[in-house]
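I opened this entry to keep track of what I looked up in the structure. I begin with the whole chain and then turn to single elements and residues.

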Amino acid sequence: AVSVQVQLKLRCFRGLQVSIPIKMAASIVVPSDITLLEEKKSVGNRQLYIIEKLGLLGMAPFMIRLHYSKMDKGDCRAVLSKKYDPDDKSEAGVIVQKRQESVRKAVVSTNFMWGTAGTMSGLTWWSFRRYNYQARL
């Protein structure tokens, strides 16, 4: 965080001028090292597969960011839409490719999470189809 000094000047109704110094904390967001590395190693754009698009649809649209430690839908889409050279065997190239694969797995697993939740809800609903509360009396 960067501290910014602001001078607040107020004018009273009789012509008096009051100057109050105020310290404001301004947050500056800079790209991480891995983001810079991804931009450096990127060779083009990659088309997303349909299962990745569906997984991104199932993710939360926004995230409350206190420390910028998690990736939201836009960050995941940015990582997945980059194309890397498959013949690049440098350490940096392997890191960005493995990160992209990890993000892809997390996005695709979102489909199965919602599918499981829907299936379990449906089975619970199905189990009550012949329930008669009067038989318990």
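I count a residue as buried when its relative accessible area is under 20%, as exposed when that area is over 50%, and as partly exposed in between. The model I am reading is a predicted one, and by that cut-off 18% of the 137 residues of the chain come out as buried.

Whole chain. I noted 4 helices and 4 strands, and, reading from the N terminus on, I wrote down the order of elements as β-β-α-β-α-α-β-α. For the surface I recorded that the chain exposes about 11,300 Å², of which carbon and sulfur atoms supply 60%. I also looked up how contacts are spread along the sequence: among those between residues at least 6 apart, 52% join residues at least 24 apart.

Nonpolar core. Which residues make up the largest nonpolar core? I found 8 residues in all, namely L48, L56, M59, C76, V79, L80, V103 and V107. The elements that give two or more residues to this core are α3 (73–80) and α4, and α3 gives the most, with 3 residues. In soluble globular proteins, nonpolar side chains tend to be buried together. I then followed V79, one of the core residues, and, leaving aside its neighbours within four places in sequence, I listed its contacts as E38, M71, Y84, R99, Q100 and V103.

Helices α2 and α4. At what angle do the axes of α2 and α4 cross? I noted that the axes of α2 (residues 50–57) and α4 (residues 91–127) come within 7 Å and cross at roughly 70°, which makes α2 roughly perpendicular to α4, because angles of 65 to 115 degrees count as such. On the α2 side I listed I51, E52, L54, G55 and L56, which meet R104, V107, V108, T110 and N111 of α4. Sorted by class, this contact has 5 nonpolar, 3 polar and 2 charged residues. Two of the residues listed here, L56 and V107, I had already entered under the core.

L37. Is L37 buried or partly exposed? I placed L37 in helix α1 (residues 33–41) and entered it as partly exposed, because its relative accessible area is 21% and buried means under 20%. Not counting residues up to four places away in sequence, L37 touches A92 and V96. I also looked up I95, which lies 58 residues from L37 along the chain, and found their C-alpha atoms separated by 9.2 Å.

Methods. Residues numbered from 1 in each chain as written. Predicted model: local features only at pLDDT ≥ 70, side-chain atom pairs only at ≥ 80, totals over all residues. Heavy atoms only, no water. Axes fitted to C-alpha atoms, helices over the stretch in contact; angles between N-to-C directions. Parallel < 35°, antiparallel > 145°, perpendicular 65-115°, else oblique. Contact = heavy atoms within 4.5 Å. Nonpolar A, V, L, I, M, F, W, Y, C, P; charged D, E, K, R; others polar. Buried < 20%, exposed > 50% of the residue type's maximum accessible area, 1.4 Å probe, protein only. Areas by Shrake-Rupley, 256 points an atom, 1.4 Å probe, with all protein chains shown as cover. Core = buried A, V, L, I, M, F, W, Y, C linked by side-chain atoms within 4.5 Å.
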